[in-house]
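This report looks at the chain as a whole and then at a handful of individual residues. Please keep the sequence and the model in view while reading.

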Amino acid sequence: MANLYFTANGVPPTTAAQVAVTTGTVIKSLLQIATPSTTEIRVVEWGISFDGSVAATPIKVELLQTDVAATVTSVTPTLFNEPSSSASLCVGGASATGHTATAEGTITATRVFDVQFIAPTNQYIKQYPLGREPQIPVSKFLRVRVTAAAAVNAYCYVIWEE
């Protein structure tokens, strides 16, 4: 059986709660997962929520595969199902698995798996049916990307199988 892994757009919480990240007002990757050169991944579930306090222009949200890395803050994925299993092969790094992009990179090819308009006071969760999960091939990047008219804070996460 394959292992499941989880990562969110921030440093995993310890004695304090998970820190939300601002969307900003230009296109921004909140989370990126870099597949290794040895294995693909399958997205099992992903989600995003915002802390806006008033209804306003919906935020454009995308789950997509890219061919170029964004510059991100490194994050180490955690095991989701079997705590004694091996670590994820999707290692953290400034141009690998991470959160809160400071540069999007020059993307030349994408595959879109989900695209939504989500109110800044709302949330969205997607679980893919078994056998119909998006597959991200080796040496590619999965991103949760947003474009907001007004900045709000967000949590987002991805659960995947290796």
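A residue is called buried when its relative accessible area is under 20%, exposed when that area is over 50%, and partly exposed in between. The model discussed here is a predicted one. With that cut-off, Asn 9 counts as buried because its relative accessibility is 0%.

**The chain as a whole**

The secondary structure consists of 13 strands and zero helices, so that the order of elements, read from the N terminus, is β-β-β-β-β-β-β-β-β-β-β-β-β. For 162 residues, a compact globule would be expected to have a radius of gyration near 15 Å, and the chain, at 15 Å, agrees with that expectation. Along the principal axes, the C-alpha atoms occupy a box of roughly 45 × 40 × 30 Å. Of the 162 residues, 46% count as buried, while the chain exposes about 7900 Å², of which carbon and sulfur atoms supply 57%. Among contacts between residues at least 6 apart in sequence, 87% join residues at least 24 apart. As for charge, the mean positions of the 9 positive and 11 negative charges are 8 Å apart.

**Polar contacts of selected side chains**

Asn 9 sits in the loop between strand S1 (4–8) and strand S2 (21–22). What does the side chain of this buried residue meet? One polar atom of the side chain of Asn 9 lies 3.1 Å from the backbone oxygen of Ala 154, and the backbone nitrogen of Cys 156 is 2.8 Å from a polar atom of that side chain. Leaving out residues up to four places away in sequence, Asn 9 touches a set of residues including Gln 18, Val 19, Leu 30, His 99 and Tyr 155.

Thr 66 belongs to strand S5 (residues 59–66) and counts as buried because its relative accessibility is 1%. A polar atom of its side chain lies 2.9 Å from the backbone oxygen of Val 68. Beyond its neighbours within four places in sequence, Thr 66 is in contact with Ile 107, Ala 109, Thr 110, Lys 140, Phe 141 and Arg 143.

Ser 85 lies in the loop between strand S7 (78–79) and strand S8 (98–103) and is partly exposed, with a relative accessible area of 24%. Not counting residues up to four places away in sequence, Ser 85 touches Asn 3 and Leu 79. Ser 85 and Asn 3 are 82 residues apart along the chain, yet their C-alpha atoms are separated by 7.5 Å, and their side chains are joined by a polar contact of 2.6 Å.

The distances that involve these three side chains are gathered below.

| Side chain | Partner | Distance |
|---|---|---|
| Asn 9 | backbone oxygen of Ala 154 | 3.1 Å |
| Asn 9 | backbone nitrogen of Cys 156 | 2.8 Å |
| Thr 66 | backbone oxygen of Val 68 | 2.9 Å |
| Ser 85 | side chain of Asn 3 | 2.6 Å |

**Residues with positive phi**

Thr 100, placed in strand S8, has a phi near 55 degrees, a positive value in a residue other than glycine. Thr 100 counts as buried, since its relative accessibility is 18%. Ser 139, which is not a glycine, has a positive phi of about 60 degrees; Ser 139 is found in the loop between strand S11 (135–136) and strand S12 (141–147). At 41% relative accessibility, Ser 139 counts as partly exposed.

Note on methods:
Residues numbered from 1 in each chain as written. Predicted model: local features only at pLDDT ≥ 70, side-chain atom pairs only at ≥ 80, totals over all residues. Heavy atoms only, no water. Helix = DSSP H or I, 4+ residues; strand = E, 2+ residues; numbered from the N terminus. Rg over C-alpha atoms; globule rule 2.2 N^0.38 Å. Buried < 20%, exposed > 50% of the residue type's maximum accessible area, 1.4 Å probe, protein only. Contact = heavy atoms within 4.5 Å. Areas by Shrake-Rupley, 256 points an atom, 1.4 Å probe, with all protein chains shown as cover. Lys, Arg positive; Asp, Glu negative; His and termini not counted. Charge placed at Lys NZ, Arg CZ, Asp CG, Glu CD. Polar contact = N/O pair within 3.5 Å; in protein donor to acceptor, adjacent residues only side chain to side chain.
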